[in-house]
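Please read the points below with the sequence and the model side by side, and look up each residue as it comes up.

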Amino acid sequence: FIRMGDYLIFGILIILLMLSTKQIMAALICTLVFVAIVMLVLKGRKAKVENTTCTLYEKKAVYKTKDKEKVIEYKDIKDIGYYQTFSQKIFNIGDIRIYPDSGILITAAINMTNVRNVKEEYEKVKEIIQKQIVENR
């Protein structure tokens, strides 16, 4: 999956290429279209994030978005990890994923996207989940 930062880098490279070949009008139009698209995407993502929570309870993790809810009990967790694209590394953000032991991993997993200070937050989440797994055995 390509993230927003990757699109930004790609768009900037295209604009720089047009400027270097002296296609000023095309670069200006491309810049305006690019900025408009980025603004629309960011507005949509902001609305989604504002309605998203992940709560770690005593026996389960609950991930809620505007239109769905995922619940994974700690005893059913197979793995937890964090991932970063190139552009996410630049901005010190990333994704934390909690994978269940059963089900289709892509659709059943909890995927927290664009988490700030992802390494530190991942360690906190991992510690809480591992502690709860041990306590609930």
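1. Tyr 122 counts as buried, since its relative accessibility is 9% and buried means under 20%. Please keep in mind while reading that this is a predicted model. By the rule used for rings, the count comes to one aromatic pair. In that pair the ring centres of Tyr 82 and Tyr 122 are 5.0 Å apart and the planes stand at 50 degrees, so the pair is tilted. Because Tyr 82 belongs to strand E4 (residues 77-83) and Tyr 122 to helix H5, the pair ties together parts that lie 40 residues apart in sequence. Tyr 82, for its part, is partly exposed, with a relative accessible area of 28%.

2. The nonpolar core deserves a careful look. Which residues touch the most other members of the largest nonpolar core? Among its 16 residues, these are Ile 80, Ile 96, Ile 98, Ile 110, Met 112 and Ile 129. Two or more residues of this core come from each of E2, E4, strand E5 (93-100), strand E6 (110-116) and H5, and it is H5 that gives the most, with five residues.

3. Ile 98 can be followed further through its contacts. When its neighbours within four places in sequence are left aside, Ile 98 is in contact with Ile 72, Ile 77, Asp 79, Ile 80, Ala 109, Ile 110, Met 112, Val 125 and Ile 129.

4. Strands E1 (residues 53-56) and E2 (residues 60-64) run antiparallel and are joined by four bridges. One detail to find in the model is that Thr 55 has Val 62, in E2, as its bridge partner. The connection from E1 to E2 is a hairpin, made through three residues. In the same part of the model you can look for Lys 60, whose charged end sits over the ring of Tyr 57, at 5.9 Å from the ring centre.

5. Thr 65 lies in the loop between E2 and strand E3 (69-73). Is Thr 65 buried or exposed? Thr 65 is buried, because its relative accessible area of 13% falls under the 20% cut-off. Apart from neighbours within four places in sequence, Thr 65 is in contact with Asn 51 and Thr 52.

6. Side chains of opposite charge can pair when their charged atoms come close, and the structure holds five salt bridges. In one of them, the side chains of Glu 69 and Lys 64 meet with a distance of 4.0 Å from N to O. Glu 69 counts as partly exposed at 49% relative accessibility, and Lys 64 is likewise partly exposed, with a relative accessible area of 37%.

7. Another of the salt bridges is formed by Lys 124 with Glu 121, where the closest N and O atoms are 3.3 Å apart. Both residues lie in helix H5 (residues 118-135), and they are three residues apart, about one turn of the helix. Lys 124 counts as partly exposed at 46% relative accessibility, while Glu 121 is partly exposed with a relative accessible area of 27%. Elsewhere, salt bridges that share partners join Glu 73, Lys 75 and Asp 76 into one network. Within this network, Lys 75 forms a salt bridge with Glu 73, with the closest N and O atoms 3.8 Å apart. Lys 75 counts as exposed at 61% relative accessibility, whereas Glu 73 counts as partly exposed at 36%.

8. Backbone angles are the last topic. Most residues other than glycine have a negative phi. Asn 114, however, has a positive phi, near 50 degrees, although this residue is not glycine. Asn 114 lies in strand E6 and is partly exposed, with a relative accessible area of 34%. Asn 117 also has a positive phi, of about 50 degrees, and is not a glycine. Where does Asn 117 lie? Asn 117 is found in the loop between E6 and H5, and at 37% relative accessibility Asn 117 counts as partly exposed.

Key
Residues are numbered from 1 along each chain as its sequence is written. This is a predicted model: local features need pLDDT of at least 70, side-chain atom pairs count only at pLDDT 80 or more; totals for chains, interfaces and linings use all residues. Side-chain values use heavy atoms; hydrogens and water are left out. Two strands pair if DSSP finds at least two bridges between them. Buried means under 20% relative accessible area, exposed over 50%, partly exposed in between (1.4 Å probe, protein chains only). Rings of Phe, Tyr and Trp (its six-membered ring) pair if their centres lie within 6.5 Å; planes under 30 degrees apart count as stacked, over 60 as edge-to-face and the rest as tilted. A charge sits over a ring if NZ of Lys or CZ of Arg is within 6 Å of the ring centre and within 35 degrees of the ring normal. A nonpolar core is a set of buried Ala, Val, Leu, Ile, Met, Phe, Trp, Tyr and Cys residues joined through side-chain atoms within 4.5 Å. Contact means heavy atoms within 4.5 Å.
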